[in-house]
Amino acid sequence: MTDTYIFVYGTLRKDSPQAMARLLVANSAFLGPAQMKGMLYDLGRYPGMVRLSDAGRNTSSFVNGELFHVLDPDTVLPALDYYEECGDNFSQPTLYVREKETVFFNGNHTVQAWVYLYNRDITGFHYIESGDYLSYLTDKSGTG
């Protein structure tokens, strides 16, 4: 059996009050901060990340998030798929798609990890230049 990793960048991060974040934390080992090449957008109540090529920009942007080693993927991944409106049970195109991507962590280490990529048009959504949803929320609320 291969190890299962997941990179999260928004409402699934370890300090999030969301129930699905609690499920992830309870059934995974937190490995620490991580980054992935991509672009991050404010979709309203949550963020969405797209690949650089999908964003139509030629840049070396990174999205900051957290890496987890999922200890119980048979429980966690279906629950997260449902939370992210991802999979055959949802109308197409789904809100997100879960795909394996290269994630950078702990210096120069890389791992192939699952990540939820936004699967719809990003036109009209605000680009989060910092690539960090939590710091963006802090700045946006004026509490930082």
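**A three-stranded sheet, a nonpolar core and helix α3**

In this predicted model, 3 strands (DSSP E runs of at least two residues, numbered from the N terminus) form an open antiparallel sheet in the order β4-β3-β8, where pairing requires at least two DSSP bridges between two strands. Because β4 (47-50) and β8 (126-127) stand at the edges with a single partner strand each, one side of each is left without a neighbour in the sheet. Strand β3 (residues 39-42) is joined to β4 by 4 bridges; Asp42 has Pro47 of β4 as its bridge partner.

Residues are numbered from 1 along each chain as its sequence is written, and side-chain values use heavy atoms, without hydrogens and water. Local features need pLDDT of at least 70 and side-chain atom pairs count only at pLDDT 80 or more, whereas totals for chains, interfaces and linings use all residues.

The largest nonpolar core (buried Ala, Val, Leu, Ile, Met, Phe, Trp, Tyr and Cys residues joined through side-chain atoms within 4.5 Å) comprises 39 residues, among which Ile6, Phe7, Tyr9, Leu24, Met49 and Leu67 touch the most other members. Strand β7 (residues 109-118) gives the most to this core, with 6 residues. Leaving aside residues up to four places away in sequence, the contacts of Met49 (heavy atoms within 4.5 Å) include Phe7, Tyr9, Val115 and Leu117.

In helix α3 (residues 73-83), the buried residues (under 20% relative accessible area, 1.4 Å probe, protein chains only) are Pro73, Val76, Leu77, Leu80 and Asp81. Seen down the axis of α3, they fall within an arc of 125°, so they line one face of the helix. Asp74 and Tyr82, exposed (over 50%), lie on the face turned away from the buried side.

Definitions and conventions
Arc of directions from axis to C-beta.
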